[in-house]
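User: Could you take a close look at one part of this model for me, the place where two helices pack together? I'd also like to hear about the space enclosed next to it.

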Amino acid sequence: MNSHIVTSEHLLLTGEQMEEIWELGNAGAKKAAESLSTMLCRDISIHVPSILMVDLAHLQDHIDDSLAAMVVFQIKGQVSAGGFLVLHVPKTSILKLSGIMLGQPEGEREIDEMDMSMLHEIGNIMTSAYLDACATLLSIILLPSPPQMAIDMAHAVLATIIATHEMEDNADQVLFFKTEMTCSEKEIDAELFLLPSRALLTELLERFRRVKKSQNGS
């Protein structure tokens, strides 16, 4: 298994399927970087060095559970229901982004309405770009719902999404893309979580496999 694929003990996906999801994630990251660079008129790089599938109960072992913004989007379009994308940005990186985008001081302060508006915009651009890249590759339509935002600990927000939307066929595992973002020579910590139903993951992977088969001419 390649070094960028990290898995938990009880897998929803095989190593080969994780590799395919990683390919989709990197396609989305490239598109997101292009979109953000155009909006901000400055170079932004985004890539996905690794992806991780982990039991929700053990998520705290893999992610900083300090105060962060969680921007939540439901995945809509020509796919099965039951999927969410969640952009997770820790408070320290929110303040860095505000300094870059809004000229706000980076010193310790509370997250304000301007920060939240900025995060809504970044979340819209990133998730739309990810879904657009995947949709183009798979020849389907994928759209994000209007965003919802929470300022909380990551584990609490993810658990609430799962409980609220009764994702009973996959209520204990989370797939997330470890995202490295650099803007104005500053590193920004961010993760993009995918909370999929089993039906959604199966459908995406089946479509991806058909595309690769077609490209290989077999």
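Analyst: Let's start with the helix pair and then move to the cavity.
This is a predicted model, where local features need pLDDT of at least 70, side-chain atom pairs count only at pLDDT 80 or more, and totals for chains, interfaces and linings use all residues. Numbering runs from 1 along each chain as its sequence is written, and side-chain values use heavy atoms, leaving out hydrogens and water.

Helix α1 spans residues 15-40 and helix α3 residues 113-138 (helices are DSSP runs, H or I, of at least four residues). Their axes (lines fitted to C-alpha atoms over the stretch in contact) lie 7 Å apart, at an angle of about 135°. That makes α1 oblique to α3 (neither under 35 degrees, nor over 145, nor 65 to 115).

On the α1 side, the contact (heavy atoms within 4.5 Å) is made by L24, G25, A27, G28, A29, K31, A32, S35, L36 and M39. They meet E121, I122, I125, M126, A129, Y130, D132, A133, C134 and L137 of α3. Together, the residues of this contact divide into 14 nonpolar, 3 polar and 3 charged (Ala, Val, Leu, Ile, Met, Phe, Trp, Tyr, Cys and Pro count as nonpolar, Asp, Glu, Lys and Arg as charged, the others as polar).

Now for the largest cavity (points on a 1 Å grid where a 1.4 Å probe fits but cannot get out; lining residues have an atom within 4 Å of a point). It holds about 180 Å³ of space (the space filled by probe spheres set on the points, which are joined across faces, edges and corners). Of its 13 lining residues, L131, C134, F177, L194 and L204 are the closest to its centre. Two or more lining residues come from each of α1, α3 and β8 (186-196), and α3 gives the most, with 4. The lining has 13 nonpolar residues, no polar and no charged.

Definitions and conventions:
Axes fitted to C-alpha atoms, helices over the stretch in contact; angles between N-to-C directions. 1 Å grid on protein atoms, 1.4 Å probe; cavity = no way out; pocket = protein on both sides within 12 Å on 5 of 7 lines; lining within 4 Å.
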